[in-house]
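Work through the following exercises with the sequence and the model open. Each task is followed by a solution in steps.

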Amino acid sequence: MSRILLPFITYIAFLAESTVMQVLAPEHYGWDFLIIPHFAMVLIILMSCYLKPSFGIVYGLIFGLFADLIYTDLIGVYMFSTALVAYFIAVLSRYLFSNFFVTILLSILGVAGLEFLVYGLNSLIGIADVKMADFFYDRLLPTLILNAVFTIIVFYPFAKLLRKIEG
């Protein structure tokens, strides 16, 4: 039952990303920055920390492909970036003591890594023409704050589910 619940919860988190943006879109409030929810990525990062690395990589490939198909015109950027970040977080979590604060830090690091990879790949291809300082202040910081708050909210119930799946 819990193995069926894991993809379902991750899919709901993926759907919630677009729903949250309809409510929290900064342009509705006259703000100039972007907030990008990566709720499915946060759950994939938690999977990478608590389960085998293959879980995070496979879920990263699947949900990264979903993000590419739904949100972007270029297939593969999010798929590659999400799986790569999941792998690196899995490796890092093996060397660090896994507690609440370390997991929050790894989540923030993972979302930042995803954002930098996507920004870098889009800049390399020529899709993004935003300066690094504008990217950092107008997109990265608000995105990290939102996703850190989401990680804090879902950490305990999701970690409990992952421990049940692992054991």
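Buried means a relative accessible area under 20%, and exposed means over 50%. The model is predicted, and side-chain atom pairs count only at pLDDT 80 or more.

**Exercise 1. Classify S107 as buried or exposed, and list its contacts.**

Step 1. Locate the residue: S107 is part of helix α5.
Step 2. Apply the cut-off. The relative accessible area of S107 is 1%, so S107 is buried.
Step 3. List the partners. With neighbours within four places in sequence left aside, S107 is in contact with V42, I45 and T151.

**Exercise 2. Describe the packing of α5 against α6.**

Step 1. Two packed helices are described by the angle between their axes and the distance between the axes.
Step 2. For α5 and α6, the axes come within 9 Å and cross at roughly 145°.
Step 3. Add the hand: this crossing of α5 and α6 is right-handed.
Step 4. Identify the residues. On the α5 side the contact includes F100, S107, E115 and Y119, and on the α6 side it includes M132, R139, T151 and Y156.
Step 5. Sort by class. The contact of α5 with α6 holds 15 nonpolar, five polar and two charged residues.

**Exercise 3. Find how many salt bridges the whole structure has, and state what is tied together.**

Step 1. A search of the whole structure gives one salt bridge.
Step 2. Its partners are the side chains of E115 and R139, at 2.5 Å from N to O.
Step 3. Place the pair. E115 belongs to helix α5 and R139 to helix α6, so the salt bridge ties together parts 24 residues apart in sequence.
Step 4. Check accessibility: E115 has a relative accessible area of 1% and is therefore buried.

**Exercise 4. Characterise the surroundings of Y78.**

Step 1. Y78 is in helix α4.
Step 2. Its relative accessibility is 12%, so Y78 counts as buried.
Step 3. Not counting residues up to four places away in sequence, Y78 touches H38, G64, A67, D68, T72, L114, V118 and R139.
Step 4. R139, in that list, is also the salt-bridge partner of E115. The C-alpha atoms of Y78 and E115 are separated by 9.4 Å, with their positions 37 residues apart along the chain.

**Exercise 5. Describe the packing of α2 against α4.**

Step 1. The axes of α2 and α4 are 8 Å apart, at an angle of about 35°.
Step 2. The crossing of α2 and α4 is right-handed.
Step 3. α2 contributes M41, I44, I45, S48 and C49, while α4 contributes T82, V85, A86, I89, A90, S93 and R94.
Step 4. By class, the contact of α2 with α4 has eight nonpolar, three polar and one charged residues.

**Exercise 6. Determine which helices supply the largest nonpolar core.**

Step 1. In soluble globular proteins, nonpolar side chains tend to be buried together.
Step 2. The largest nonpolar core has 43 residues, and L6, L46, M47, F158 and L162 have the most contacts inside it.
Step 3. At least two residues of this core come from each of α1 (2–24), α2 (39–50), α3 (53–71), α4 (77–95), α5 (100–125) and α6 (132–166).
Step 4. α6 gives the largest share, twelve residues.
Step 5. Take L162 as an example: beyond four places in sequence, L162 touches L6, L46, M47, Y50 and L51.

**Exercise 7. Classify I70 as buried or exposed.**

Step 1. I70 sits in helix α3.
Step 2. Its relative accessible area is 55%, so I70 is exposed.

Note on methods:
Residues numbered from 1 in each chain as written. Predicted model: local features only at pLDDT ≥ 70, side-chain atom pairs only at ≥ 80, totals over all residues. Heavy atoms only, no water. Core = buried A, V, L, I, M, F, W, Y, C linked by side-chain atoms within 4.5 Å. Buried < 20%, exposed > 50% of the residue type's maximum accessible area, 1.4 Å probe, protein only. Helix = DSSP H or I, 4+ residues; strand = E, 2+ residues; numbered from the N terminus. Contact = heavy atoms within 4.5 Å. Axes fitted to C-alpha atoms, helices over the stretch in contact; angles between N-to-C directions. Left-handed = near helix turned anticlockwise from the far one by under 90°. Nonpolar A, V, L, I, M, F, W, Y, C, P; charged D, E, K, R; others polar. Salt bridge = Lys/Arg side-chain N within 4 Å of Asp/Glu carboxyl O.
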